[in-house]
Amino acid sequence: MECKDARELLAAHVDGELRGREALEVARHLETCTDCAAAQSALMAMRRAVRSDATRYRAPAALAARVQAALPSQPRQQPNAVVRSWQRLALVSGFASALAIAFAIGVLVTKPMPSDLVADDIVATHVRSLVSGRPVDVASSDRHTVKPWFAGKLDYSPPVHDLAEQGFPLAGGRVDYIEHRPVAALVYRRHQHTINLYVMPAPPGAPNSGPTAESRQGFQILRWVRDGMAYFAISDTEPAELAQFRAALVAMD
Ligand SMILES: [Zn+2]
């Protein structure tokens, strides 16, 4: 892929809108082209800045009341009535003006869940590990080799288990950056598939939770919190296999 083509797809890539071959080709180009990689970093930095620091305006109560009064009368107010009012307004008075009003009131400008940004990073680093040709920094199926390898590279010690007997052999480990902090990535194999398991400290006091499954850019992600650690498993395996992987892992404790 040429720089010109990569640049055209860069925004879609950063937004996680590319699929399959196109996604891989852009990721591959970014691995080898420092110029385009720098453009990507700049784009991501801007996106983060807009999401976290963009100025938002709250409409004066009087305006909100006037808009409400102008709307067709409703049988009864429901919790989501304000949002639905905007949808109705969009039909009544044209989408553009509704959009302008909604924007002024801040309906459309919402902060994403922090976990969305984490999931973005998870997908990006997973794809990068697949196309880099170097999915592990320490290649070993021995947990007694992999676990100590993280010492000195991270300020925590991730639990490491080999799951070869359960059909998920450990291939090794790697340090990746999620949300600008170094985290442990454990690499497992499932037939011809790769599973990346990211392990990082959960927020203090976070109770055990999950698993929560989602699909992103064609990959399955399973996330859960257990004993103070947050886990993110990602792969292109079937969701059922990823669930099986988690069950095997949890059973090791
Ligand atoms: Zn380039």
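Start at H191, in the hairpin of strand 3 and strand 4 of this predicted model. Two residues lie between the strands of this hairpin, and H191 takes a positive phi near 50°.

Next, select strand 3 and strand 4 together. The two run antiparallel and are joined by seven bridges. To pick out one pairing, show A185: its bridge partner in strand 4 is Y198.

Keep Y198 on display and add strand 7, residues 229-235. Y198 has a bridge partner here too, namely F232 in strand 7. Strand 4 and strand 7 run antiparallel, with six bridges between them.

Now colour strand 4, residues 193-201, by accessibility. Is this strand mostly covered or mostly open? Strand 4 is mostly covered, with eight of its nine residues buried.

The last stop is an internal space. Rolling a probe the size of a water molecule over the atoms shows where empty space is left. The count here comes to one cavity of 30 Å³ or more. The volume of the largest cavity is about 80 Å³.

To see its wall, select P159, V160, H161, L186, Y188, L197, W224, R226, Y231, L249, V250 and D253, which line the largest cavity. Strand 3 (181-190), strand 6 (219-226) and helix 9 (239-250) are the elements that give two or more residues to this lining. Colour the lining by residue class: nine residues are nonpolar, one is polar and two are charged.

Technical notes:
Residues are numbered from 1 along each chain as its sequence is written. This is a predicted model: local features need pLDDT of at least 70, side-chain atom pairs count only at pLDDT 80 or more; totals for chains, interfaces and linings use all residues. Side-chain values use heavy atoms; hydrogens and water are left out. On a 1 Å grid over the protein atoms alone, a cavity is a set of points where a 1.4 Å probe fits but cannot get out, and a pocket is an open set with protein on both sides within 12 Å along at least five of seven lines; lining residues have an atom within 4 Å of a point. Grid points are joined across faces, edges and corners, and a volume is the space filled by probe spheres set on the points. Helices (H or I, at least four residues) and strands (E, at least two) are DSSP runs, numbered from the N terminus. Ala, Val, Leu, Ile, Met, Phe, Trp, Tyr, Cys and Pro count as nonpolar, Asp, Glu, Lys and Arg as charged, and the others, Gly among them, as polar. Buried means under 20% relative accessible area, exposed over 50%, partly exposed in between (1.4 Å probe, protein chains only). Two strands pair if DSSP finds at least two bridges between them.
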